[in-house]
Amino acid sequence: MDKNMSRGGLGIATKDHNGKLVKTWAIPTGMMKDAAILAVEAIRSAMLKALEEGWTSLLIHSDCKGLVDRINHRCIGLSLLDVLVDDIVHLSRSFWRCSFIFIGREYNRTSHDLAKFAINLIDETSGS
């Protein structure tokens, strides 16, 4: 998020089972007041991109531990975050296998760099 520009960005990096980078997306967004909402939007967007690509198995890494815990424990509530988490849980059923794992920020550099890059974009961009 860049509060001065009132913009945010989503960064999605996909890797194959050997850890080789397969595809990336940098998606500009409007300003979000909560970093957790931005993180949940990144996960949701990644899942939608995976469906578009025809992928059947996902292992989603996020450095937002509270969010990963919420998804894995199927927390239910009425906040915007809870509604988006519920959407992710429903989307996960579209895949043969879909898991969510917390990783430290130092291991999530590519996604963070893509998100920072996305802040300055007008339209979404992707790379292979």
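Which residues of strand 3 make up its covered face, and which its uncovered one? In this predicted model, Leu58, Ile60 and Ser62 sit on the covered face, while Ser57, Leu59 and His61 make up the uncovered one. Strand 3 spans residues 57-62 and pairs with strand 4 in the parallel sense, over six bridges. One of the residues on the uncovered face, Ser57, has Arg97 of strand 4 as its bridge partner.

The other sheet to look at is an open one, built from three strands in the order 1-2-5 with antiparallel pairing. Its edges are strand 1 (7-15) and strand 5 (125-127), each of which has a pairing partner on one side only. On average, neighbouring strands here are turned by 10 degrees against each other, if direction is ignored. Strand 1 and strand 2 are joined by nine bridges and run antiparallel; within this pair, Gly8 stands opposite Thr29 of strand 2. The hairpin that the two strands make leaves five residues between them, and Gly19 in this hairpin adopts a positive phi near 85 degrees. On its other pairing, strand 2 (residues 21-30) meets strand 5 through three bridges, again in the antiparallel sense. Here Thr24 has Gly127 in strand 5 as its bridge partner.

Two helices go with this sheet. Helix 1 (residues 35-53) lies across strand 1 and strand 2, and runs at about 45 degrees to strand 1. Helix 4 (residues 109-119) packs on the sheet too, touching strand 1, strand 2 and strand 5, with its direction at about 140 degrees to that of strand 1.

So what does helix 4 bury? Its buried residues are Ser111, His112, Leu114, Ala115, Ala118 and Ile119. They span an arc of only 160 degrees around the axis, so they end up on the same side of helix 4. The general geometry helps here: with 3.6 residues to each turn of an α-helix, residues three or four places apart point the same way. Strand 1 and strand 2 are among the elements that cover the buried residues of helix 4. Thr110 also lies in helix 4, but Thr110 is only partly exposed rather than buried, because its relative accessible area is 35%, above the 20% limit for burial and short of the 50% that would make a residue exposed. In space, the C-alpha atoms of Thr110 and Thr24 are separated by 9.0 Å, although these positions lie 86 residues apart in terms of chain separation.

Helix 2 (residues 65-72) follows a similar line of questioning: which of its residues are buried? These are Leu67, Val68 and Ile71. Looking down the axis of helix 2, they fall within an arc of 100 degrees and therefore line one face of the helix. Their cover includes helix 1, strand 3, helix 3 (80-92) and strand 4. After helix 2 comes Arg74, with a positive phi near 50 degrees.

Back in helix 1, Leu51 counts as partly exposed because its relative accessibility is 34%. Not counting residues up to four places away in sequence, Leu51 touches Leu91, Ser94 and Phe95. For Ser94, which is 43 residues from Leu51 along the chain, the C-alpha separation is 8.0 Å.

That leaves the largest pocket, with a volume of about 1,300 Å³. It is lined by 43 residues, and those closest to its centre are Gly11, Ala13, His61, Asn108 and Ser111. Strand 1, strand 2, helix 1, strand 3, strand 4 and helix 4 each contribute at least two residues to the lining. Helix 1 gives the most, with eight residues.

Among the residues closest to the pocket centre, Asn108 is found in the loop between strand 4 (97-102) and helix 4. Is Asn108 buried or exposed? Asn108 counts as buried because its relative accessibility is 11%, which is under the 20% cut-off. Leaving aside neighbours within four places in sequence, Asn108 is in contact with Ser62, Asp63 and Ile103. One of these contacts, Ser62, belongs to the covered face of strand 3, whereas His61, listed with Asn108 by the pocket centre, belongs to the uncovered face.

Technical notes. Residues are numbered from 1 along each chain as its sequence is written. This is a predicted model: local features need pLDDT of at least 70, side-chain atom pairs count only at pLDDT 80 or more; totals for chains, interfaces and linings use all residues. Side-chain values use heavy atoms; hydrogens and water are left out. Two strands pair if DSSP finds at least two bridges between them. Helices (H or I, at least four residues) and strands (E, at least two) are DSSP runs, numbered from the N terminus. Axes are lines fitted to C-alpha atoms, for helices over the stretch in contact, and angles run from 0 to 180 degrees between N-to-C directions. Contact means heavy atoms within 4.5 Å. Buried means under 20% relative accessible area, exposed over 50%, partly exposed in between (1.4 Å probe, protein chains only). The arc is that of the directions from the helix axis to the C-beta atoms. On a 1 Å grid over the protein atoms alone, a cavity is a set of points where a 1.4 Å probe fits but cannot get out, and a pocket is an open set with protein on both sides within 12 Å along at least five of seven lines; lining residues have an atom within 4 Å of a point. Grid points are joined across faces, edges and corners, and a volume is the space filled by probe spheres set on the points.
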